[in-house]
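User: Hello! I would like a close look at one part of this model, with the rest of the fold as background. Could you take me through it?

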Amino acid sequence: MSLIKLIQLKSHGDDRGQLISLEGNRNIPFNIKRVYYIYETLTDVRRGFHAHKSLEQILICIYGSCSILLDDGDKKETIRLNTPNVGLYIGAMLWREMFDFSKECVLMVLASEHYKEEDYIRNYTRFLEELECASYV
Ligand code: T46
């Protein structure tokens with residue numbers, strides 16, 4: 001099964017332009033408790049380098065483009081996000097890295113929980129150990 005789970009977001013386009021609506025538990029598969037966005041990232045910067053114990057998120061590149069690597073401890077897959085009408089769903093226990101940001105990239109993230117540093121696993125060896133313990137792999 002692919003690690004890349006994309007959600008097509010319906011755009012209400014007409015001759016004035018485009019509009020996309022995001023609604024928790026409707027076109028977004030969880031209750032949205034937090035929204036943040038990443039911008040002005042330097043093109044040679046790599047971010048992320050962590051997994052979440054339970055957080056669910058949808059990443060939407062609302063302007064420009066960037067690449068996301070997902071790793072479940074067994075396989076790695078990469079996707080380029082470059083359109084505001086596609087969301088990338090990332091569930092729990094997936095290592096992620098974001099890179100190759102275009103100069104003007106704005107990456108918006110919808111999250112199922114408020115910010116909680118205890119939910120992060122920021123060490124790759126510990127990530128693999130936790131997967132092993134929980135028999136995720
Ligand atoms: C993720 C990827 C896609 C907050 O204070 N509140 C927040 O809601 C967030 C997300 C971050 N922060 C603080 C924590 C750090 O001091 O902002 C700083 C930068 O966060 P971080 O280094 O975790 O950023 P990224 O780009 O590596 O990762 C972020 C999210 O943290 C993470 O959940 O999945 O984007």
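User: How many residues surround the ligand, and which are the closest?

Analyst: Happy to help, and please keep in mind that this is a predicted model. The ligand is surrounded by 13 residues, and the closest of them are Arg 34, Arg 47, His 52, Gln 57 and Tyr 120. Sorted by class, this shell holds 5 nonpolar, 4 polar and 4 charged residues.

Now for the polar groups that face the ligand. Arg 122 has a polar side-chain atom 3.0 Å from an oxygen atom of the ligand. For Tyr 36, a polar side-chain atom lies 3.3 Å from a ligand oxygen, and for His 50 the distance from a polar side-chain atom to an oxygen atom of the ligand is 3.3 Å. On its own the ligand has 650 Å² of accessible area, and the protein covers 68% of it. The elements that supply two or more residues to the shell are β2 (34–39), β3 (47–52) and β8. Of the elements, β3 gives the most, with 4 residues.

β8 (95–99) also leads on to a residue worth a visit. Ser 102 sits in the loop between β8 and β9 (106–111). Its relative accessible area is 16%, so Ser 102 counts as buried, the cut-off being under 20%. Leaving aside residues up to four places away in sequence, Ser 102 touches Thr 43, Gly 64, Ser 65 and Arg 80.

Next, the background. The largest nonpolar core has 18 residues, and those with the most contacts inside it are Leu 59, Ile 68, Leu 70, Leu 81, Leu 88 and Leu 107. At least two residues of this core come from each of β4 (57–63), β5 (66–71), β6 (76–81), β7 (86–90) and β9. β5 gives the most to this core, with 3 residues. Leu 59 shows how these parts meet: among its contacts beyond four places in sequence are Ile 68, Leu 81, Leu 88, Ile 90 and Leu 107. Another core, of 9 residues, lies apart from the largest one and includes Ile 28, Phe 30, Met 108 and Leu 110. Met 108 is also one of the residues that Leu 59 touches.

Finally, a look at the loop between β5 and β6, where Asp 74 is found. Asp 74 has a relative accessible area of 63%, so this residue is exposed, the cut-off being over 50%. Asp 74 and Leu 128 are 54 residues apart in sequence, while their C-alpha atoms are 9.3 Å apart in space.

Conventions. Residues are numbered from 1 along each chain as its sequence is written. This is a predicted model: local features need pLDDT of at least 70, side-chain atom pairs count only at pLDDT 80 or more; totals for chains, interfaces and linings use all residues. Side-chain values use heavy atoms; hydrogens and water are left out. Buried means under 20% relative accessible area, exposed over 50%, partly exposed in between (1.4 Å probe, protein chains only). Contact means heavy atoms within 4.5 Å. A nonpolar core is a set of buried Ala, Val, Leu, Ile, Met, Phe, Trp, Tyr and Cys residues joined through side-chain atoms within 4.5 Å. A residue is near a molecule or strand if one of its heavy atoms lies within 4 Å of it. A polar contact is a pair of N or O atoms within 3.5 Å; within protein, one must be able to donate a hydrogen and the other to accept it, and residues adjacent in sequence count only if both atoms are side-chain atoms. Accessible areas come from the Shrake-Rupley method with a 1.4 Å probe; for residues, only the protein chains shown count as cover. Ala, Val, Leu, Ile, Met, Phe, Trp, Tyr, Cys and Pro count as nonpolar, Asp, Glu, Lys and Arg as charged, and the others, Gly among them, as polar.
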